[in-house]
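Me: I've got a few "how do you know" questions about this one. Can we go through them with the cut-offs in hand?

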Protein chains: 4
Amino acid sequence: MLARVSSAPTFRRLPRAVREQQMLDAAVKVFSRRGFHAASMDEIAEDAGISKPMVYAYLGTKEELFVACLHREGTRMMHAIAGAAAPDLPADVRLWRGLRAFFGFVGAHRDGWAVLYRQARGEQPFAGELAAMRARLVEVVAGMLDHALRTEGRQVGETDLEVVAYALVGATESLADWLADHPEADPEKTATRMMNVAWQGAAQLLHGETWRPPAV
Amino acid sequence: MLARVSSAPTFRRLPRAVREQQMLDAAVKVFSRRGFHAASMDEIAEDAGISKPMVYAYLGTKEELFVACLHREGTRMMHAIAGAAAPDLPADVRLWRGLRAFFGFVGAHRDGWAVLYRQARGEQPFAGELAAMRARLVEVVAGMLDHALRTEGRQVGETDLEVVAYALVGATESLADWLADHPEADPEKTATRMMNVAWQGAAQLLHGETWRPPAV
Amino acid sequence: MLARVSSAPTFRRLPRAVREQQMLDAAVKVFSRRGFHAASMDEIAEDAGISKPMVYAYLGTKEELFVACLHREGTRMMHAIAGAAAPDLPADVRLWRGLRAFFGFVGAHRDGWAVLYRQARGEQPFAGELAAMRARLVEVVAGMLDHALRTEGRQVGETDLEVVAYALVGATESLADWLADHPEADPEKTATRMMNVAWQGAAQLLHGETWRPPAV
Amino acid sequence: MLARVSSAPTFRRLPRAVREQQMLDAAVKVFSRRGFHAASMDEIAEDAGISKPMVYAYLGTKEELFVACLHREGTRMMHAIAGAAAPDLPADVRLWRGLRAFFGFVGAHRDGWAVLYRQARGEQPFAGELAAMRARLVEVVAGMLDHALRTEGRQVGETDLEVVAYALVGATESLADWLADHPEADPEKTATRMMNVAWQGAAQLLHGETWRPPAV
DNA sequence: TATGAATGAGGCTTCATTCAT
DNA sequence: AATGAATGAAGCCTCATTCAT
């Protein structure tokens, strides 16, 4: 009987950290392609090249897995932004760099982050995770606006600030969606457009030029 | 477990149109509360006080039912807006009235429209339906901007227009979400805030004050 | 083309009440044969000649199904006993008739009740249901003892009564197990034996002949 | 989800006998708390502070492990009883001491033996093991009764003896259950009560006072 | 000796959808 | 017109058990 030739390095039995990343890669891919509900744990496991029980052992429930995806991708995005927009720069520069980094990230992960994020908005169980992420963003943006306002010697109610920040974040998310749907679009150009809308609008507010509803 | 329920003495043999509205009411309610996937045809039928086969006979598949909901609620909203913002008014007045009507509608259907809409964004099968609705909105907004621009003797590339309109619509949707989540918030005030962001930003654009990325 | 001959009465589409009994019959059979855990819903459904979803629709979870079995069989047994031991008879006659009815029932359902009951004692989720049933029995027995004692002009502490009743019930259950495992054994004879142990022991107690631990 | 735990700095490389006892301790604990099926090898291994393959290497299959638990605890109990009830004592003294030792043991291992035993009664695979243990007990009790009968110059059929012994053992088990469920109860008092029921009842039988079913 | 990595198999449960009355 | 009865299909999750280091 011929000796069994040792098979080429098939890379079985990898350490946990590696497998976890493989799983998350697969999960992001499948969740993005199919959506949370239509995605099946079977497909994710198969795509990760591993058996289902391992996915459960390492990353838990389908929901927990989705949250883990959100977490990893969200953290990556946050890092990309934070690395670009240092807190000691002037507000407009920070905003611009932040936006550019954001759209750059989204553009580079067109089938990862943006789609994932879009899925999450509609599914109740992820409200918490998402709210936290968006809250961090809103807070940052509101902080920038507030800082700029104070520099101009002005001040605005907290709710006003929050709502405006919310609108800006919403507009940005909306453009991110748009970008994800238009593979040929240029992230930087999109960032510029958003900057135009955002900054010009905000600039007016900063200068006290408030629009008021006409007397009906 | 299917409980044995004594059938309620409801009115049988209603005309089809009435029954359909009852079903849609129930469907909107259940879809909003549970989300598309978590909603079950059983619950919808029960909530409508009717048997499942009737739902299928009248409104088809679960997906078709959801689309029907989207359709009815979307149409109602469009009517509300269109009725408020006559096309012969000046752009700013139209925008204001449109926004006010929109947020008024969302505020009045906090658990209907906004939630439904949010659900739909994440589910692939409804991309088409939603894209159509948003496209109509974007088109209207872009038209308003374009009209105003031309009045000023200026003109902007089509993509630019679309993207800005997209941003405005996105910001508005975002605030609609916020409104849906804050039952105590005042729709009119929210509309005012949105108007501030939108109009001030747009106004700058209209006057040619474009922000440009700094030379890196 | 030949007309399709109407198939012989295959008895599809039976009313709910009938199907429920069929399911319970199958469930009792399978649970008894395999034990709660080893029993599979698949086998139960197949044995009942129906699809699994119907079982869930009518009788709920596996646990709920088991409880339903316990309930039905327990109730039947209680009826058998109650019908035999009228409350206006003297205590010894009641006890005798009750025991005879009990062992008769167990003997007639050797693969139903006794086995089911035995399964239930070990599984945590059914503690409640079982405790309730046994409590009813213990209460009845204790009542009989108490009644007899009072007739003799004597009285015993409540805990004493409960514990003695518990012991009698335990002995009875034990013999029921024995009977279930010995298909050839005669229920009536077993009842007589149990009566001997129980009544003679109780009789002594009734006459105040208490055993006391010797001085160590 | 398998949490990433830094391995505790336990003592490695213990002698086999020690490790086995650790495992059995853990197994008894987990089986008692969860029941045979709900107990997982994972939890047992973790509770024993050891990896799963070791459990399999030392004690085999889950079933074998359970049997090993039953064995160890049962043997301990038997020793406790045997040590207390020397075979050369009079029957009543033996019975009393045996019962006292038994309930003392159960009381001292409320969450070990009694619960384990209760689990085992319902699970088919352990019928054999349990039957053996109970048979030994029944035999001992029957022997005592027989011995006492012969002392009185009387004799009873073997089945009669077995059944009566079975009833006594059943009553005792039942009270053991009761004791396990009532942490505040006093084992010695429980033993006294059982002795009353058992001995009084048996005593009558020994004296030939047999109860007979009335001619119906 | 000791363990982290890995999986085959199988069970429970749910749901959209349709049939027969 | 209307519904109770019925199911095929599929998904999540868990677990006992073993391999390779």
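Me: How do you know that chain A and chain C do not touch?

Reply: Contact means heavy atoms within 4.5 Å. Chain A and chain C have no such contact, and their closest C-alpha atoms lie 22 Å apart. Chain B and chain D don't touch either, with nearest C-alpha atoms 24 Å apart. Bear in mind that this is a predicted model, where local features need pLDDT of at least 70, side-chain atom pairs count only at pLDDT 80 or more, and totals for chains, interfaces and linings use all residues. Residues are numbered from 1 along each chain as its sequence is written, chains are lettered from A in the order in which they are written, and side-chain values use heavy atoms, leaving out hydrogens and water.

Me: What makes a residue count as near DNA strand E?

Reply: One of its heavy atoms has to lie within 4 Å of the strand. There are 37 residues around DNA strand E, and Arg13(A), Arg19(A), Pro53(A), Lys52(B) and Arg13(C) come nearest. Of the strand's atoms that come within 4 Å of the protein, sugar and phosphate account for 58%.

Me: Why is the Arg13(A) pair with a base nitrogen called a polar contact?

Reply: A polar contact is a pair of N or O atoms within 3.5 Å. A side-chain N or O atom of Arg13(A) sits 2.2 Å from a base nitrogen of DNA strand E, so the pair qualifies. Lys52(B) has a side-chain N or O atom 2.5 Å from a base oxygen, and a polar side-chain atom of Ser51(A) is 2.9 Å from a phosphate oxygen.

Note on methods
A polar contact is a pair of N or O atoms within 3.5 Å; within protein, one must be able to donate a hydrogen and the other to accept it, and residues adjacent in sequence count only if both atoms are side-chain atoms.
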